[in-house]
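Take a look at the chain and its fold. The report below walks through the sheet, a helix and a few single residues.

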Amino acid sequence: MTQSTFQLLGNVASADFYLCEGSDITLISDNNAYNMKALAQEALKLRVPNSLTVIDLNNFYVGMIPIDHNQILDCIISAW
């Protein structure tokens, strides 16, 4: 998927998408609905390595999708 696709998807779903490469976290959605970079960093500490992980942190669902051994796609959506 291209970055413009994630920007549109973030606007429609009111979600934030982050690309995580090691300790570097980059917002790839357009709207920055919740400004949750700190939550994305916290979720990375709780993830299960090399597998899809979905957790609930402070009424936000964080889905972490491993892309390869160094990249993870984080999707943060409100749980309410």
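## Cysteines, sheet and helix

A search of the whole structure, which is a predicted model, finds zero disulfides. A disulfide is a covalent bond between the sulfur atoms of two cysteines. Cysteine 20 is nevertheless buried, because its relative accessibility is 1%, under the 20% cut-off. Cysteine 75 also counts as buried, at 15% relative accessibility.

Now the sheet. Five strands form an open sheet in the order β2-β1-β5-β4-β3. Their pairing is antiparallel. Two strands sit at the edges: β2 (24-27) and β3 (53-57). Each of these pairs on one side only. From one strand to the next, the twist averages 25°. Strands of a sheet pair through backbone hydrogen bonds, either parallel or antiparallel.

Look at one pair in detail. Strand β4 covers residues 60-66, and strand β5 covers residues 71-78. They run antiparallel, and seven bridges join them. Here cysteine 75 appears again: in β5, it stands opposite glycine 63.

Next comes helix α2, residues 37-46. Helix α2 lies across β1 (15-21), β2, β3, β4 and β5. It runs at about 125° to β3.

Which residues of α2 are buried? They are Leu39, Ala40, Ala43 and Leu44. Seen down the helix axis, the buried residues of α2 fall within an arc of 145°, so they line one face. An α-helix has 3.6 residues a turn, so residues three or four places apart point the same way. What covers the buried residues of α2 includes β1, β2, β3, β4 and β5. On the other side of α2, Ala38 and Lys45 are exposed.

Two loop residues deserve a look for their backbone angles. Asparagine 50 has a positive phi although it is not a glycine. Asparagine 59 has a positive phi too, and is likewise a residue other than glycine. The table sets out where each one sits.

| Residue | Phi | Loop | Relative accessibility |
|---|---|---|---|
| Asparagine 50 | about 60° | between α2 and β3 | 66% |
| Asparagine 59 | near 65° | between β3 and β4 | 46% |

Are these two residues buried, partly exposed or exposed? Asparagine 50 counts as exposed, because its 66% is over the 50% cut-off. Asparagine 59 counts as partly exposed, because its 46% lies between the 20% and 50% cut-offs.

Key
Residues are numbered from 1 along each chain as its sequence is written. This is a predicted model: local features need pLDDT of at least 70, side-chain atom pairs count only at pLDDT 80 or more; totals for chains, interfaces and linings use all residues. Side-chain values use heavy atoms; hydrogens and water are left out. Two strands pair if DSSP finds at least two bridges between them. Helices (H or I, at least four residues) and strands (E, at least two) are DSSP runs, numbered from the N terminus. Axes are lines fitted to C-alpha atoms, for helices over the stretch in contact, and angles run from 0 to 180 degrees between N-to-C directions. Contact means heavy atoms within 4.5 Å. Buried means under 20% relative accessible area, exposed over 50%, partly exposed in between (1.4 Å probe, protein chains only). A disulfide is a pair of cysteine sulfur atoms within 2.5 Å. The arc is that of the directions from the helix axis to the C-beta atoms.
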